[in-house]
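Student: I would like to learn how the places where parts of a protein meet can be read from a model. Could we go through one together?
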Amino acid sequence: MRNFFDEMHGADGELRPAYAAIAQWLAETPPEVLQTKREEAERLFRRVGITFAVYSEGGSDTERLIPFDIIPRVLDADEWGLLERGLKQRVAALNRFLTDAYGPREIVKAGIFSNEHIDTHPAYCKQMQGVAVPGGIYTHIAGIDLVRTGVNDFYVLEDNCRTPSGVSYMLENRAVMMRLFPELFARVGVAPVARYPQDLLATLRSLSPADDEEPCVVVLTPGQYNSAYYEHSFLADEMGVELAEGQDLLVVGKHVYMRTTAGPKRVHVIYRRIDDDFLDPLVFRPDSALGVPGLMEAYREGHVALANAPGAGLADDKAIYMHVPEMIRFYLGEEPILKNVPTWDCANEGALAYVLDHLEELVVKETRGSGGYGMLVGPHANKKTRDAFAKKLRRNPSAYVAQPTLALSTCPTFAGEEAAARHVDLRPFVLSGANGVRIVPGGLTRVALQDGSLVVNSSQGGGTKDTWVLHTNGNGKGAR
Amino acid sequence: MLSRAADALFWLARYMERIDNLARLIEAAQSMAGVSSEAEEWRSALAAAGVDELYDEAYSEITPDSAARFLCNGTNPSSIINCIANARINARAMRTSLTRDMWEAVNQGWIESRVLQERHFSPAVLPETLDWVRQLSTRFTGAYETTMLRSDSYWFVRLGAALERADNTARILDVKYHLLLPRESSGVGGMLDYYQWTSVLRAVSAVRAYQWLYREEVKPWNVAEMMILRPEMPRSLRSCYDTITLCLDELAKSHGGRRGECHRMAGSIAAELRFGRISDIFQTGLHETLTVHIDRARELGDQISNLYMR
């Protein structure tokens, strides 16, 4: 049995100050009350319709709730300060890298990457090579997945520069917690997260190509059958902008318009929540009905801004991820604040040999995979599974990277009768606009609800928690 | 606003209005049990809902139970349950145009509709289920009336509800029109006629209103006048078209004065209803008049769509 860092009790079992109020609250609240509150939370989520769609499993109930845990996860002001600095630094470097990869390729000249490494990448978007994007920003909304292993040990697990989702859960989780436990918020000074939609809108508006006009921003969704549709509509609503589908937009004379009851209206900024491949059938997949014909030409002409920029997914790849610390040194001349998980690129022969020798202690992931699928968690797999995976690995080594299994921190989580330690990760959201970087204090905490499980993905039995960033480092008493 | 949003709101309101009308139609048919020919009563209810032909494809004979189930649930695409599902699809497609109260009314109704089982449509439980349906429709109306900003979205919702209601009133009257014609042989004022006219009134929840307006026994021309021409009756064609022209005028205002064929049509129908006389309508033929109204309601819907929803 390994020892995990518990965010409430540390490694030594002593209550950490950030959790003082939570511990007291848990001690004085009977489990029945927590159970009642948990059920009430579920009713609230369902009534508001915060669901995600599951179609693969068949059955009539295609709209699911992501399980919500009512015990918040707490970070104190210092911890958050460290994360905030680290996130700003990392996203700045990622944006510099993307601008460089689609521009002069200084990083290739410096010998960190080869041209081939970039050009042959599936998420590399050749249509973006040499296109000047507004403000030199590719990933305006980035979700950086973090895990923790000790008091000051935060690792970046994954960068999501393409179209990260989950922010609506951050906001709704908080809203539900405030409704269920107002007395708890009165006791603890928690930094609010509710300004995220305004921050997002300010970020998007800063990208508008029209200086002389009120910018018209829309959210572009694939439609109500998309698994993240709730989030798309939620964000459009919170920002007070139109939620458009491809069929609502049209391009005339290299400008984008939306079809309104009063005729066509010019659109300046599109927060697109559809994948690159579906954006414009004239440039990408010709069979796509989700996008807008002519959109890319309007974009290249600078008549409309897209957030995030097409091709931003290049930075999400695990084979690129390995080199982010070098990028930070190269572009910013700084030492990385957030750690990278050591990663073996199986494309490299020496690394492959090491990985095959140490399968029982490593996590092996597909380079392009996401959602926790197609991975091997060595320590949890039996020999048969490992041998089968080794075969796949030898057949196509460049499709895989391997990392050590991290001792993910745990947080108290309501497990039916009492609070029990469960593993968590954290996805904060970083907004980069032409007028600066904005990070709302908090993020989406995902929790593996099964005892001992390290997989937090909602598609595989994970849940979410409200994430509290304290105004202070103590128990919040006397905080504003 | 987006054309697609206008379309979704318009249809959302129509579906939520339609379930109310369907529930009343079923209640009216039920109230005739034991009074007149049940088969005839239910056939007229099915016809008013526009699903009599579909019904005949699915069943060989009409029984109150199978007709009621068909109108509530089952394979019928315009059933109450399917209307609720369609309302939610439209609501979900344009959630951002709905207030939270509106969405919660529709979504909650949909969630509740999904746990309904066969027994909820059985004769013993059906009245309770229909109460729930009418409450759902009322909750939705209350939600938009009390929470929506008076912007284009609001006028499209009201427009959809008013047009749907006009269509339903015309249909209900039309399938019962033969009852409204004075019949010499069967003895006007007989017990049977009294029940049947009352059932028409019940279908538009106007039994009490009739007494307040006319203070005399139920007479066919009064019933027709009340449901076609009286401005005090919220379900009369006159009231509905007053609302329709109001909504269209508001939309024209917010669209820089832009008007279309729908404005001309609605204005013309509203004027006819405003200055019409029930004796003239009976002279032209009640059935003929109502058929024209049903056709024009469909045409008006198309014209609204032409101007705003493409």
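Tutor: Let us begin with a term: a salt bridge is a side-chain nitrogen of Lys or Arg within 4 Å of a carboxyl oxygen of Asp or Glu. In this model, which is predicted, the side chains of E17(B) and R235(B) form such a pair, with 3.4 Å from N to O.

Student: Between which parts of chain B should I look for salt bridges, and how many does the rule find there?

Tutor: The domain assignment splits chain B into domain 1 (1–148) and domain 2 (149–310), whose C-alpha centres are 20 Å apart. Where these two domains meet, 31 residues of domain 1 of chain B and 33 residues of domain 2 of chain B take part in the contact, and the rule finds seven salt bridges across that interface. Residue pairs in polar contact, with both partners at pLDDT 80 or more, number 11 between domain 1 of chain B and domain 2 of chain B.

Student: Which elements supply the side of domain 1 of chain B that touches domain 2 of chain B?

Tutor: Those giving two or more residues are α1 (3–31), α2 (38–48) and α7 (126–147) of chain B, and the largest share, 15 residues, comes from α1(B). By class, this side of domain 1 of chain B divides into 14 nonpolar, eight polar and nine charged residues.

Student: How is the size of an interface expressed, and what area do the two domains of chain B bury?

Tutor: The size of an interface is often given as the accessible area lost when the parts come together. For domain 1 of chain B and domain 2 of chain B that area is about 3,000 Å², with 59% of it on carbon and sulfur atoms.

Student: How is chain A divided into domains, and what area is buried between them?

Tutor: In chain A, domain 1 is assigned as 1–192 + 315–341 + 406–480 and domain 2 as 210–303, and 28 Å separate their centres, taken over C-alpha atoms. The area buried between domain 1 of chain A and domain 2 of chain A is about 1,600 Å², of which carbon and sulfur atoms give 62%. Across this interface the rule finds zero salt bridges, although there are four residue pairs in polar contact, both partners being at pLDDT 80 or more. On the side of domain 1 of chain A that touches domain 2 of chain A, β1 (52–53) and α6 (167–180) of chain A each give two or more residues, and α6(A) gives the most, with five residues.

Student: How should I read the radius of gyration of chain A?

Tutor: A compact globule of 480 residues would have a radius of gyration near 23 Å, and chain A has 23 Å, which agrees.

Student: How many residues does each chain bring to the contact between chain A and chain B?

Tutor: Chain A brings 28 residues and chain B brings 26 residues, and the two chains bury about 2,300 Å² between them, 42% of it on carbon and sulfur atoms. The rule finds three salt bridges across the interface of chain A and chain B, including the one in which the side chains of R4(B) and E245(A) meet at 3.1 Å, N to O. There are also 13 residue pairs in polar contact between the chains, with both partners at pLDDT 80 or more. Among the elements of chain A that supply at least two residues to the side touching chain B are α2 (31–48) and β9 (255–260), while the largest share of that side, five residues, comes from α9(A).

Technical notes
Residues are numbered from 1 along each chain as its sequence is written. Chains are lettered from A and ligands numbered from 1 in the order in which they are written. This is a predicted model: local features need pLDDT of at least 70, side-chain atom pairs count only at pLDDT 80 or more; totals for chains, interfaces and linings use all residues. Side-chain values use heavy atoms; hydrogens and water are left out. Domain bounds come from an automatic or database domain assignment. Buried area is the accessible area (1.4 Å probe) that two parts lose on being put together, summed over both. A polar contact is a pair of N or O atoms within 3.5 Å; within protein, one must be able to donate a hydrogen and the other to accept it, and residues adjacent in sequence count only if both atoms are side-chain atoms. Helices (H or I, at least four residues) and strands (E, at least two) are DSSP runs, numbered from the N terminus. Contact means heavy atoms within 4.5 Å. The radius of gyration is taken over C-alpha atoms; the globule rule is 2.2 Å times the number of residues to the power 0.38. Ala, Val, Leu, Ile, Met, Phe, Trp, Tyr, Cys and Pro count as nonpolar, Asp, Glu, Lys and Arg as charged, and the others, Gly among them, as polar.
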